[in-house]
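Trainee: Please take a close look at the charged side chains that pair with one another in this model. I should like to follow each pair in turn, with its surroundings.

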Amino acid sequence: MLGGDTSTESARFLSAFFFSAHTLTTVGYGSIAPKGMGANIVAVMESMAGVLGFAVATGLLFGRVSRPSAKIGFSDTMVVAPYQDGNSLQFRIANRRRNDLMEMSARVMLMTVETRDGRPMRQYYQLKLEREQVLFLALTWTIVHPIDAESPLAGMTEEDLAAKQAEFVILLKAFDDTFSQTVFARYSYRHDEVQWGKRFAPAFSVTEQGDMVVDLHKLGEVT
């Protein structure tokens, strides 16, 4: 069914391989070509599979690569630090890319496991933030939840968070100026990732030229 010199097994294999590659990529034929009804039907089917396969692969790759995503750096831990006349729950973020993130907003939710009628149940509490939105993320942003009388954390201790298997879930939303699209970032902290009686150390410094530089390695450094 194939024309050409196939005197040895290796030559037969190479001829079939090259024939299949030429058919799949639709580049045309050289030394061999399909001959007969059966060979032409197989060649047409393989050609169609090649064209459709490359089109689908290209679309999937483009959709995956071109989709914008935020690369936000989060502090290693949360801290319970003094705030005004009381305490607050804090964590810090920074942009790890050069893209400008504008109109960034944050939402924090507390998830606990509490016993109701003798059965463990998952409970969700929305935490009110000192500032829920910034115009753009320039250096770092320390997101603060004041622990006041209305806070779900009011009167709770480190042991209480552990007993309730507490976890803090964070959702960030911003407009990426480079892609002109909205991007999201998610993160969470478990109860054992909260340090009590600490505060974040400065993560940026000023050079001799007057430029302000952020050290991402100090993003989670506490004092």
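Mentor: Let us begin with Asp 192, which counts as exposed at 52% relative accessibility (exposed is over 50% relative accessible area, buried is under 20%, and partly exposed lies in between, with a 1.4 Å probe and protein chains only). The model is predicted, so local features need pLDDT of at least 70 and side-chain atom pairs pLDDT 80 or more, while totals for chains, interfaces and linings use all residues. Residues are numbered from 1 along each chain as its sequence is written, and side-chain values use heavy atoms, leaving out hydrogens and water.

The partner of Asp 192 is Arg 190, and the two form a salt bridge with their closest N and O atoms 3.7 Å apart; the term means a side-chain nitrogen of Lys or Arg within 4 Å of a carboxyl oxygen of Asp or Glu. Arg 190 is partly exposed, at 41% relative accessibility. In total, the structure holds three salt bridges.

Elsewhere, Glu 114, Arg 116 and Lys 164 are joined into one network by salt bridges that share partners. Within this network, the side chains of Glu 114 and Arg 116 meet at 3.1 Å, from N to O. Glu 114 also forms a salt bridge with Lys 164, where the closest N and O atoms are 3.9 Å apart. The positions of these two residues in the chain deserve attention. Glu 114 belongs to strand 4, which covers residues 101–116, whereas Lys 164 sits in the loop between helix 3 (158–163) and strand 8 (167–176); helices (H or I, at least four residues) and strands (E, at least two) are DSSP runs numbered from the N terminus. The pair therefore ties together parts that lie 50 residues apart in sequence.

The surroundings of the network can be described residue by residue. Glu 114, which takes part in the bridges to Arg 116 and to Lys 164, is buried, with a relative accessible area of 12%. Arg 116 counts as partly exposed at 36% relative accessibility. Lys 164, at 27%, is likewise classed as partly exposed. In this network, then, a buried glutamate is paired with a partly exposed arginine and a partly exposed lysine, while in the pair described at the start an exposed aspartate meets a partly exposed arginine.
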